[in-house]
Structure formats: structure tokens, C-alpha cells
Amino acid sequence: MENKEIRKQILNKIIAYEKIIICRHVRPDGDCMGSTIGLREILRISFPDKKIYSIGYQTAEYLSFLSLEDEKLPEEEYKDALVIVVDTANSDRIDNPYYKSGKEIIKIDHHIRVEDFGTINYVDEDMPATACIITELYEENRDILQMNQKAAQALYVGIATDTGRFRYRGVSAKVLRLSAILLDYDLDLEKIYANLYLKDIASLKLQGDVFRKFKSTPNGVLYVYVTNKMQKKYNISPEDAAALVNSLDSVKDSLIWIIFVEQKDKTIRVRIRSRFVAIDKLANKYRGGGHANASGAVVYNGREIKQLVKDADEVLEKFKASEEGWL
Ligand code: AMP
């Protein structure tokens, strides 16, 4: 079915339901929170008589300027609801144990398609952010849907964060046109970027350790392991430590960079980033996934770290042998 047709179906479902619960993925990022809040606010002002909730159990402190306003509902409240899950490729990453109890489930996502867990599954892999999809849904239904500044700001943050501040290849003219619609709501960009960029001194100090400790493989994969001990030294959360992944993003010939962050439960979160070369299949091998140039995974010990780094090195070696024009 055509994407436009599915968007129409989604809108019809939204119109048909009195109660709508919006869910998202664990470890919410800018696009996850932005598309959740953007959709919630659009629906609240467009349909003031409906009950519209956004429900997730994990949050991201640095995004608190976006009016998170999460609520919690008991499972029985889901039974007559339309559940919309945004920005989540696979059901085991949905940050809501009750989402399945919804009367119908709609998936709206832009990650590589791995699992159709909805009654309607809308996946647009060409969009660099789920927030773009929500903005498009609004844009083509302006006769029914309304936007306000709160929604526009959240959606803009979703697009800005998932495109590396409008730097990645996924940024098409269409993406900029959709973003321009949001800017029409008088957004304070300086404030938005201050919220996204400013960090505290402790995290700068940990970044110093990252710069001192990172290693390189023979083919140029950069990687660093941030242990609980390092996080404790500066009193930094695993979430804030993980935010340092792009500290290693601008080294010539190092097209893949990886941060391993030890979690409180001793599991190790892996964030893999790359330019030009795809790393999502590498992440799949280690219980993860995501996008071609930004994926996450989980490993459990030093042996797996070594193996993953070795695999990444092979990916990069093959890429360099077969491709030209990379930097
Ligand atoms: P992160 O490094 O956590 O920002 O993740 C990068 C991208 O990969 C995001 O779009 C995540 O939603 C996705 N991702 C992260 N971890 C996983 C995982 N374990 N399984 C599937 N996708 C993931």
C-alpha cells in the first residue's frame, strides 16, 4: 500500500478513537521524545474532547524542556484505547508493559524494518526522524489537525537531533521544508540548541578521559570503554556517559567509532556510529540494531567487547578495500 494511503488510515483511526495512548522506546532520545510530545500536542489541540496520553517509564533529563508530562495508566485503561508506538523498530524495546492491551496498535517508525507489531505498521525508512513523519501527517491534514509552539518545538528537536543537527545524508529538501513548517511557530533556536549542547563540567572531564583512553584498531575503528569506576569518579550517569559517543566522530580515516558504557547492572551498552559505512548488521550480531550509521547493541563482558571491535575492524577493512572517496 502507498504511504499516503497508510497515513490516511492512521488519521481515520485517530478520528475513530476516544482514547489514544502514545508509547515510545526505552532510553528515549530526542526524536523519540520529540515525536511523542509533538504527536500528543497536535492531537490534544486538534481533538480537545479525546483523552490523549503519552506514557513511557524512562525519561531523558536533558529533554525536560520539552514538557514531558508523562502519565501512568493501569492496564485496564488500555483496553478501549488506540495505542500508537512511535520511533520503535522492535516490540521488545517498547517502554510500556501494557501496550499490547490496546484495542488496536499503530506503529510509526523510520528505523530499518524488523518487526511489524502493529495492526497498522507505518515505516518510512527514507525519513531521518520519526518527527518528520509526524510533521508530514500534520502538513497534509491541516484541515483537520492543528499545531502549536509546544508541538513544533518538540518535533524540531526530534528532527535536529536525529539528523546530527541537519548534517546527515538523510537531510533532503523535503526534510528542510517540513522543518520550515515548524520554524513558522516562532521557535527560539538559540534556546533549543543551548538545551541540547550545554554540558556540565563533570561531563567535560569525563570526555577528557575518553580522549586519553580511546584506542584504534588497525583499520581505524575508534573505541573506548567507560567503566562504572570512571562514571563514579565524576559522578556521571551511564546516560550522560553514553552521550559522549560523538567525541570520536571527527577523526580522518576512522569511519567507525564505538563507545562501550558499563551500566549499573554490569551489562555494557554499546553505541556504534559511522560515516559512509553501514554498521547496523554489526549491531544485529550483538543484540542490537538501528540505522545504517547509528546503531545500539548490548554486550556482557570483555570478551564480547573484543569480538565486536574485531568484527567492526573487518567491516571497515572490507569497506575501505571496496569503496573510494571516503574520508
Ligand atoms: P543509540 O546508540 O542508543 O542512540 O541507538 C542508535 C539507534 O539504534 C537508535 O535509533 C536506537 O533506537 C537504535 N537501537 C539502539 N539500541 C538498540 C537495540 N538494542 N536494538 C535495536 N535498535 C537499537
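This passage describes selected helices, residues and a pocket of a predicted model.

Helix α2 spans residues 30-46 and holds 17 residues. From its first C-alpha to its last, α2 reaches 23 Å. That is close to the 24 Å expected at 1.5 Å a residue. Helix α2 is mostly covered, with 15 of its 17 residues buried. An α-helix has 3.6 residues a turn, so residues three or four places apart point the same way.

Helix α1 (residues 3-16) contains R7. The relative accessible area of R7 is 8%. R7 is therefore buried, since the cut-off for burial is under 20%. Beyond its neighbours within four places in sequence, R7 is in contact with Y122, E136, L137 and E140. With one of these residues, Y122, there is also a polar contact: the two side chains are joined at 2.7 Å. R7 can also be placed relative to I108. The two residues are 101 residues apart in sequence, yet their C-alpha atoms lie 9.7 Å apart in space.

A second buried residue, S247, sits in a loop. This loop runs between α9 (238-242) and β8 (256-262). S247 has a relative accessible area of 15% and so counts as buried. Its contacts, not counting residues up to four places away in sequence, are Q207, V210 and F211. The side chains of S247 and Q207 make a polar contact of 3.0 Å.

The second largest pocket has a volume of about 160 Å³. Its lining consists of K213, K215, Y223, V224, Y225, F260, G302 and I305. Two elements, β7 (222-226) and α11 (302-322), each give two or more residues to this lining. Strand β7 gives the most, with three residues. By residue class, the lining divides into five nonpolar, one polar and two charged. G302 is the polar member, because Gly is counted among the polar residues. The two charged members are K213 and K215, because Lys counts as charged.

T227 lies in the loop between β7 and α8 (228-234). With a relative accessible area of 22%, T227 is partly exposed. This value is not under 20%, so T227 does not count as buried. T227 and K266 are 39 residues apart along the chain. Their C-alpha atoms are separated by 9.2 Å.

Backbone angles single out two further loop residues. F276 has a positive phi of about 65°, although F276 is not a glycine. Its loop connects β9 (268-274) and α10 (280-285). F276 counts as partly exposed, at 32% relative accessibility. R287 likewise is not a glycine and has a positive phi, of about 60°. R287 is placed in the loop between α10 and β10 (289-290). Its relative accessibility is 44%, so R287 counts as partly exposed. The cut-off for exposed is over 50%, which means that R287 does not reach that class.

How values were computed. Residues numbered from 1 in each chain as written. Predicted model: local features only at pLDDT ≥ 70, side-chain atom pairs only at ≥ 80, totals over all residues. Heavy atoms only, no water. Helix = DSSP H or I, 4+ residues; strand = E, 2+ residues; numbered from the N terminus. Expected span 1.5 Å × (residues − 1). Buried < 20%, exposed > 50% of the residue type's maximum accessible area, 1.4 Å probe, protein only. Contact = heavy atoms within 4.5 Å. Polar contact = N/O pair within 3.5 Å; in protein donor to acceptor, adjacent residues only side chain to side chain. 1 Å grid on protein atoms, 1.4 Å probe; cavity = no way out; pocket = protein on both sides within 12 Å on 5 of 7 lines; lining within 4 Å. Points joined across faces, edges and corners; volume = space filled by probe spheres on them.
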